[in-house]
Amino acid sequence: MESCQYISEGNFVNGLRRMITNKLPTLFLFWVELYRRNQLNVDIKILKYEYTLKHIMPQKCNQNWYDVPVYDTDENEVEDVDEMEHIRSHAIYEIGNIILLNSKLNTSISNGNFTDKINGKNGRKGIKDLANIRLTRKVIDNNTEWNELKIYARTAELKTEIRKIWDAGELPVEAIKVAAESGGQKKIRFAFWKKTLPGIREKNQYEMFTNVNSSTSNTVSGYFGIGGFHMSYTANYDKTRVEFILDKSEAEQNNWMSIRFHGFIILLRMLA
């Protein structure tokens with residue numbers, strides 16, 4: 001029997017303050033960028049889900065950051081060495097300390113102080129040279145220094161927008177685990193595809209999934225009239241995935257199709 005779990009308020013808030021993997025913050029930041037552009041009626045087609053994640057305050061704070069004051073969540077400056085280390089080691093992984101860049105920074109710049117990290121040094125590019133999304137540009141344009149207070153404020157700002165995007169305004173105090181009734185998972189899958197498939201068809205200009213009907217299976221496949229290629233879209237309770245099947249015997253043909261449909265794969269991820 002399958003089941004699903006609804007995230008609690010504590011899970012949500014603490015999760016944004018402890019982003020220790022790259023995939024989830026990358027997804028969140030990309031979605032917030034899309035959300036802001038939609039609010040401003042700015043074209044989103046130029047965006048590609050191909051960004052490098054970077055911590056503004058580096059994961060391994062070095063001598064370049066030792067002179068930056070440490071603040072707790074009550075905005076008090078901390079002087080105890082052990083407490084300073086504890087607070088900073090946690091603040092580094094808040095979503096407010098994370099940005100997306102077009103490509104990687106040179107190691108010496110990545111570990112540099114805030115000014116060098118933004119502007120670059122000795123001919124090496126800084127964040128401002130590798131930032132083409134509004135979320136990152138806002139950090140550059142609005143800050144001349146960076147510390148825990150900046151991180152807390154940005155985390156709070158992003159949290160508000162993430163709530164709006166995922167309709168998470170009111171979450172339960174405790175996580176609720178719900179077991180599916182007998183046959184219930186099939187009804188849920190059918191309802192999911194009934195709601196999702198029209199959007200997939202529309203976004204793809206009705207070139208794929210037009211002959212695919214709502215199903216009780218967790219996987220549907222779309223074909224584009226070319227032998228050896230198809231797309232499978234799988235939705236489970238806890239995650240979704242898109243599989244692009246390249247089954248031509250010649251590698252060049254597979255590579256050409258991979259490039260052609262790269263944008264569509266990103267679109268399906270966004271719709272998940």
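1. A residue counts as buried when its relative accessible area is under 20%. With that cut-off in hand, a good place to begin in this predicted model is Arg-36, which at 14% is buried. Its salt-bridge partner Glu-161 has a relative accessibility of 11%, so Glu-161 is buried by that cut-off too. The N to O distance between the two side chains is 2.7 Å. This pair links distant parts of the chain, as Glu-161 sits in helix H7 and Arg-36 in helix H2, 125 residues apart. You may like to follow the contacts outward from here: Arg-36 and Glu-161 belong to a network of salt bridges that also takes in Lys-138 and Glu-157.

2. Staying with helix H2, have a look at Glu-33 and Arg-37, another salt bridge, with the closest N and O atoms 2.7 Å apart. These two residues are about one helical turn from each other because they lie four residues apart in H2. Glu-33 is buried at 1% relative accessibility, and Arg-37 is buried at 5%.

3. The structure has eight salt bridges. One of them joins Lys-121 to Asp-116, with an N to O distance of 3.6 Å. Are its two ends buried or partly exposed? Lys-121 is partly exposed at 44%, whereas Asp-116 is buried at 19%.

4. Now for the rings. A pair of aromatic rings is described by the distance of the centres and the angle of the planes. There are four aromatic pairs here. In the pair of Phe-30 and Tyr-51, the centres are 6.3 Å apart and the planes stand at 45°, so the pair is tilted. Phe-30 belongs to helix H2 (residues 23-39) and Tyr-51 to the loop between H2 and strand E2 (52-55), so the contact ties together parts 21 residues apart in sequence. Phe-30 is buried at 3%, and Tyr-51 is buried at 16%.

5. Which arrangement do the rings of Phe-114 and Trp-146 adopt? Their planes are at 10° and their centres 6.0 Å apart, so this pair is stacked. The two residues link distant parts of the chain: Phe-114 is in helix H5 (residues 114-119), and Trp-146, 32 residues away, is in the loop between helices H6 (134-142) and H7 (148-165). Phe-114 is buried at 8% and Trp-146 is buried at 3%. Please also look at Phe-28, Trp-31 and Trp-166, which form one aromatic cluster.

6. Strand E2 is worth a view from both sides. Thr-52 and Lys-54 point one way, Leu-53 and His-55 the other, and all are buried. E2 runs antiparallel to strand E5 (residues 98-101), and four bridges join them. Within this pairing, Thr-52 stands opposite Leu-101. The C-alpha atom of Thr-52 is also 9.2 Å from that of Asn-22, 30 residues apart along the chain. Asn-22 itself lies in the loop between helix H1 (9-16) and H2, and is partly exposed at 46%.

7. Finally, two backbone angles to check. Most residues other than glycine have a negative phi. Asn-41, however, has a positive phi of about 55°. This residue is in the loop between H2 and E2 and is exposed at 72% relative accessibility. Glu-75 also has a positive phi, near 70°. Glu-75 lies in the loop between strands E3 (70-71) and E4 (77-78), and is exposed at 58%.

Notes: Residues are numbered from 1 along each chain as its sequence is written. This is a predicted model: local features need pLDDT of at least 70, side-chain atom pairs count only at pLDDT 80 or more; totals for chains, interfaces and linings use all residues. Side-chain values use heavy atoms; hydrogens and water are left out. Rings of Phe, Tyr and Trp (its six-membered ring) pair if their centres lie within 6.5 Å; planes under 30 degrees apart count as stacked, over 60 as edge-to-face and the rest as tilted. Buried means under 20% relative accessible area, exposed over 50%, partly exposed in between (1.4 Å probe, protein chains only). Two strands pair if DSSP finds at least two bridges between them. A salt bridge is a side-chain nitrogen of Lys or Arg within 4 Å of a carboxyl oxygen of Asp or Glu.
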